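Dear colleague,

Please find below the structure I am handing over to you, together with its sequence. My notes on what was found in it follow underneath.

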Amino acid sequence: MEHDLCGQSEEAEEALRWVEPAGGELSGLIDITVEVPQDTRSIRFSMGGVAFAELTDDYAQTTRSAPVWHTVTESSWHAPGRQLLEAEVVTPRGTFKASRWVVNVSEAESDRDGDTRILSLSGAWQFLNAQDVPAQCFSGESPNVVCADVELPWENVRVPSSFGAVRARWNAYKGTLYAYRREFEIEVESNHGKGRFLLVFSSCYFAAEVYLNDVRVGASIGGYLPVRLDVTDQVRAGVNRVVLVGDNRLSEIHACGVGSHRDMYWNWGGILQEVDLCRTDAVDLLDVAANGAQDGTLELRFSGINATGRHADIYVDIEVGSPEGGAVLSERRRIRVDSDGSCLQSVSLKLKNPTLWSLQDPVLYHVTVRTSSIEGRCLRTRAGFRTVEARGNKLLLNGEEISHLAGINRHADYPGLGRTEPAGLSRRELQRLHDMGFRVIRPGHYPATAGLLDAADELGMLVIEEINISQTRTEQLVDPGVQEFARQQLSRMVARDWGHPSVIIWSVANEIPSHSNEAADYASTLISYGRSLDTSRLWTQSSPWLMHDRTYDVLDIILINLYAGWYYGVEENAAELVRLVADLAGDKPVMVAEYGAEAVAGRKGTHPGTEEAQARLVDTYQSQLRGVTGLVATMYWTSTEYVWGLEPIGGYPDPVRMFNTKGLLTWNRQPKLAAQTFFAPARVSGVAIDAIRPGDTAVGVNCVVSIEALGSEAAGTLAFELPAGLAVIPATPGFALEAGESQDITVRIEGPLAVDLPLASVHPVLACGRRGVSRPLLLRMDGTGAPLALDAGAWTAQAPVGWAKLTAQSTFSPGAAFGWLGPGPQTLDWGGEELVRDLLLDYEPRTLRLSIAPGNHVLQVLTGDKEWPTWSLKVEVDGDLVAKLPERIGFGGFRWLAIPLQGGEQGRCVDIRFSADTGCWKIGALTVAPAREQERKG
């Protein structure tokens, strides 16, 4: 191994170290990890002088986390043989390089599926960003970027690539014009009259025009789906030059109705997936897709080419092989190829008693089709035999109901890759999700890669596939251009993915304004067109409009995006909302297609935006929806974090820029707490703590923790997280439960009272390696034993038993026990647990008058906020400062402050003034009780 380190600092050079790849030979999916100086801002990777990735510290900066310098690449996308792998490390002190020699033992995919007439054009291309050249270089019918003799600052890059992930300086939020080019050489004469040449781009985002040898040969729009361009008249023997001029500007994207309401995810442009040159006969078959049914019917559909100007027949030999490899059926059939290249005639075969494809046993048969064309073509695919149908409010797979499946949404977004995705990475990520327990996946919100669907077929995961129409404005849905774009996307998606048994549902939109008649008409029109393409699957669109949606009548299955507890309402309402939708939709199956909450990994507390809050929301949804009849699946949004946009996403305090953090895994694929708790076999179902007495400054209470096993047996221990000073006895009580069994475990909590209360919690630690969701331990005051116990907050929140309500309208009057002098403060009610759900707060000082009895007393004030930090609180009694919050209380934290009061011999009124040095002051409860004897002695 050879290292080439250069730079200005020995310290920096010593810190540069290759962690992965571990060996010198490269094949398949390659992990790349480098250890670098702590002040590194970015790392630019290249192999053989071809740039393929750049990592930056953007995620670390915005989430205030440690950077992870890791990406992946696919070896077959790079030149074979000995190559120099380089990492260029950018720091404020300069740029340093680390390099090593490796040997790429993978060959380019030039013999794909055994067809030697496919030439892979993936690998080294040149790239040009319109921002780096004058505007006229990209203008006109034959722009300068197409001409070989015009000198322009082209740079070597790998294809496939999302160019903004290759070099960060190209990563424009609003998109740009761009160009790729490369040369390739072929030996076959193009004018021999026997064949055709097709240039195939698997995915170009968003719009592209393609030129071969300076001649425009075709265009693509929409991305994600393949386009085939007949380049026979332009290709020539020897060296050829292909140029792709692309456009991923938001103006172009929004005009087609894609995310036109707002930006849903980062705009990764480029040649996102593979490029091939394919040679065919004048009449030929290009692809085959096979769709099997439960009764053994196997339907084959073909795509073809016909350059003769008249219809023609091709005879094919079809062989169906068992999963073990032996042939189970062989037939010879005739395929009619129309003059336009379409193959309207499908082939129907019948197998006796096939082994069915299912979630538990995803059996795949091998289908081989050999043509009788001049040079002969061998097409290969796979087929699963399964039938999906909606019967009433049930979804049936092979006649058996599937319900309450765990589902996940997933964006294709990876550090150093953007939306470009090697098949090996798709397989790795789906395997991880499958191992966690997920069985339904929804690639959002665009067609998946073929590699991802192959992995779903193999693993036994159900897929909901969707076209790229999302949050489109009402006026656009009636635009003929947008509707035609949607139809083209739909037909291309169905044509490519019809043969995948994992795909059971087609979706024509996400979060369109389907509470409007215009959107309802769009859905009806697109689904009607879709059913003309495929009747073997269910049709839907995913709606956030719940009881206001107007498309349910035309859907086969209802998909709702439900964010109660995040963007609106509370998560405890989830089951009620789903039942209301099910009642409105009638006798149809229902899926929750999205739910979720943001969480920044490592952020402490229990407020929204923390890992604890995210895990709690997931747990609430699962427990709420477990008993909803007819619910097919509940799908979390999303599996991983992804790049969002320049502005922070709303919905929680202290949001982060650029990234949507709802993922169960971070952008760097590190698990958050919710990923650990999602499939925990046990949960804490309740906590009961003995109330403490007003006036107590120490805790000595019993705590009963109720724990229940869910779908399987569960064993483990309870783990208590307590602030310093509090202790639990015994420290780690154990449990062992059968499925469905519950148990109450009693412990004792002891220690001082003046601690942040909701930061105390309990959760199960399971023997299987998972852990359960934390439940807060909220210490209670027994208001029934206090001369004065006030629940401070809004009139909308009922006071607990034994407590009086102190609101902003509680004005003091002669003879009253309490009330405000002058204007009262503001109120806030978050909902949830009593006492801490609501509070009184203000930026201005406010004075509360209390009538107290003779003698010595203790005033205890509860301050804090379940959703936000509490910065400051000062308490004055009759003009004297008697208490001050010693430090900021974090998100979701609370603290009791104890203040002595003297009632004198006759009793009296005292004036309590609340104020803050920073921000607003907050109080949630107050008690006044006689001081204990031991306290008077102290």
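I begin with aspartate 838, which counts as buried because its relative accessibility is 1%, under the 20% cut-off for that class. Please bear in mind that this is a predicted model. The partner of aspartate 838 is lysine 805: the two form a salt bridge in which the closest N and O atoms are 2.6 Å apart. This pair links distant parts of the chain, with lysine 805 in strand E50 (residues 804-806) and aspartate 838 in strand E53 (residues 838-842), 33 residues apart.

Further salt bridges deserve your attention; the count comes to 48. Lysine 662 and glutamate 598 form one of them, with their closest N and O atoms 2.9 Å apart. Here too distant parts of the chain are linked, the two residues being 64 residues apart. Lysine 662 is in the loop between strand E40 (659-660) and helix H12 (673-677), while glutamate 598 is in the loop between strand E37 (590-594) and helix H11 (611-625). Both lysine 662 and glutamate 598 are buried.

Another salt bridge joins the side chains of aspartate 534 and arginine 537, at 3.0 Å from N to O. Aspartate 534 counts as buried at 2% relative accessibility, and arginine 537 is buried with a relative accessible area of 3%. In addition, a network of salt bridges links Arg382, Arg427, Asp454 and Glu458.

I turn next to the nonpolar residues. In soluble globular proteins, nonpolar side chains tend to be buried together. The largest nonpolar core in this model has 88 residues, of which Phe438, Ile469, Tyr522, Leu562, Val578 and Leu625 touch the most other members. Helix H10 (residues 574-585) supplies the largest share of this core, seven residues. Leaving aside residues up to four places away in sequence, valine 578 touches Ile560, Leu562, Val590, Val592, Leu625, Val628 and Leu631. Another core lies apart from this one and has 37 residues, including Val701, Ala714, Ile749 and Trp896.

On the surface, Met547, Leu580 and Leu584 make a nonpolar patch of about 230 Å². Methionine 547 is in the loop between strand E35 (538-543) and strand E36 (558-561), and counts as partly exposed at 33% relative accessibility.

Finally, phenylalanine 96 lies in strand E8 (residues 94-104) and counts as buried at 1% relative accessibility. From C-alpha to C-alpha, phenylalanine 96 and tryptophan 896 are 54 Å apart in space, and they are 800 residues apart in sequence.

With kind regards

Conventions: Residues numbered from 1 in each chain as written. Predicted model: local features only at pLDDT ≥ 70, side-chain atom pairs only at ≥ 80, totals over all residues. Heavy atoms only, no water. Core = buried A, V, L, I, M, F, W, Y, C linked by side-chain atoms within 4.5 Å. Buried < 20%, exposed > 50% of the residue type's maximum accessible area, 1.4 Å probe, protein only. Helix = DSSP H or I, 4+ residues; strand = E, 2+ residues; numbered from the N terminus. Contact = heavy atoms within 4.5 Å. Patch = residues over 30% accessible without salt bridge, like charges linked within 9 Å, V, L, I, M, F, W, Y side chains within 5 Å. Areas by Shrake-Rupley, 256 points an atom, 1.4 Å probe, with all protein chains shown as cover. Salt bridge = Lys/Arg side-chain N within 4 Å of Asp/Glu carboxyl O.
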